[in-house]
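The following note is offered to a colleague beginning to read protein structures. It considers the surroundings of the ligand and then the packing of helices.

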Amino acid sequence: MAEGVTGEKIWLDGEWVDWQDGHVHLLTHTLHYGLGVFEGIRCYKAEDGRSAIFQLGPHVHRLFTSAHINLLEIPFSEEQVGQAIREVLPANHLDEGYIRPLVFIGSGSMGLNPADNPIRVAVMAWSWGAYLGDEGVQNGIRAKVSTFSRHHVNAKMTKGKTCGDYVNSILAKREALLDGYDEAIMLDTAGLVSEASGENIFLVKGERLYTPPLPTVLDGITRNAVIEIARDKGIEVAETPLTRDELYIADELFLTGTAAEVTPIREVDHRRIGSGTRGPITKLLQTAFFDIVAGRDAKYERWLSYL
Ligand SMILES: *Cc1c(COP(=O)(O)O)cnc(C)c1O
């Protein structure tokens with residue numbers, strides 16, 4: 001994110017407020033204990049000049065399932081939150097950008113039973129370029145297997161985008177950056193490959209695509225899109241457990257996520273991956289993805305919600 005992200009309007013609890021009035025009280029429960037949920041959504045300026053939100057329905061639905069997992073009852077309908085998401089870019093005079101819905105627990109009880117505290121909802125948006133850099137998108141990033149494990153599925157759960165879970169991701173990401181890498185790849189508590197700090201991971205080996213199965217990873221919307229695009233192109237995809245050394249000997253590796261889109265990995269733990277740059281299957285899928293979000297592929301128009 002650019003430093004000092006700024007904007008004009010924020011949707012807060014059903015109303016549009018000025019950006020500078022988007023405040024919460026210090027006793028906001030989520031601020032203390034991290035129980036809240038969020039989404040990350042991208043809206044692209046399509047080739048014809050219109051703005052298109054990628055996978056709006058699945059993102060709104062996942063916000064509600066994340067809340068459900070965490071016993072948070074959102075006081076708005078999926079339609080109402082979806083409508084705020086559709087309106088937030090125009091409200092900020094943006095035609096493309098990143099949209100961040102956030103559900104959090106307001107002030108009230110400060111104990112660990114916030115059952116009677118208000119559940120609050122905000123929708124924000126800002127401009128956000130390539131999360132791992134344009135150079136990373138083109139030529140690949142360098143990743144490190146983190147010393148931090150992905151959460152055990154019964155220590156926290158993996159199917160929600162829960163605010164506090166990202167402490168683990170931030171520790172891994174910062175460790176990777178401080179050690180001179182671009183991103184962290186996390187293993188699960190059994191030692192198998194899980195995902196990156198905020199992206200799912202894919203491996204290419206001999207024309208086939210592999211990705212870790214769902215139990216320890218977030219059910220990424222970009223992950224699902226890439227699986228569908230690959231299968232449509234006749235590439236076989238297997239959701240299968242992967243080991244750290246299978247990453248080292250992959251032909252290609254790449255990450256997927258709303259923020260990271262499709263970003264190749266050219267090196268893991270000082271081992272060159274494949275040819276050491278973006279591989280051909282990664283390029284094929286990445287190109288297909290960018291064509292789809294730019295509205296250039298009628299076959300996947302159903303994934304776009306035009307504003
Ligand atoms: C958001 C996220 C992803 C990517 O999911 P998308 O739905 O593709 O944006 C992957 N892993 C984690 C841990 C995430 O938080």
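1. The model under review is predicted, and the remarks below should be read accordingly.

2. Which residues come nearest to the ligand? There are 15 residues around the ligand, and those that come nearest are Lys 161, Tyr 166, Glu 195, Thr 222 and Thr 258. By class, this shell comprises five charged, seven polar and three nonpolar residues.

3. Three side chains deserve individual attention. Glu 195 places a polar side-chain atom 2.6 Å from a nitrogen atom of the ligand. Thr 222 has a polar side-chain atom 2.6 Å from an oxygen atom of the ligand, and for Thr 258 a polar side-chain atom likewise lies 2.6 Å from an oxygen atom of the ligand. The ligand taken alone exposes 380 Å², of which the protein buries 96%.

4. Attention may now turn to the helices, beginning with α6, which spans residues 221–232, and α8, which spans residues 280–293. The axes of α6 and α8 come within 10 Å and cross at roughly 110°. Because angles of 65 to 115 degrees count as roughly perpendicular, α6 and α8 are described as roughly perpendicular to each other. The crossing in which α6 passes α8 is right-handed.

5. A second pair consists of α2, residues 56–69, and α3, residues 78–91. How are the axes of α2 and α3 placed, and at roughly what angle do they cross? They come within 10 Å and cross at roughly 125°, which makes α2 oblique to α3. Here α2 passes α3 in a right-handed crossing.

Technical notes
Residues numbered from 1 in each chain as written. Predicted model: local features only at pLDDT ≥ 70, side-chain atom pairs only at ≥ 80, totals over all residues. Heavy atoms only, no water. Near = heavy atom within 4 Å. Polar contact = N/O pair within 3.5 Å; in protein donor to acceptor, adjacent residues only side chain to side chain. Areas by Shrake-Rupley, 256 points an atom, 1.4 Å probe, with all protein chains shown as cover. Nonpolar A, V, L, I, M, F, W, Y, C, P; charged D, E, K, R; others polar. Axes fitted to C-alpha atoms, helices over the stretch in contact; angles between N-to-C directions. Helix = DSSP H or I, 4+ residues; strand = E, 2+ residues; numbered from the N terminus. Parallel < 35°, antiparallel > 145°, perpendicular 65-115°, else oblique. Left-handed = near helix turned anticlockwise from the far one by under 90°.
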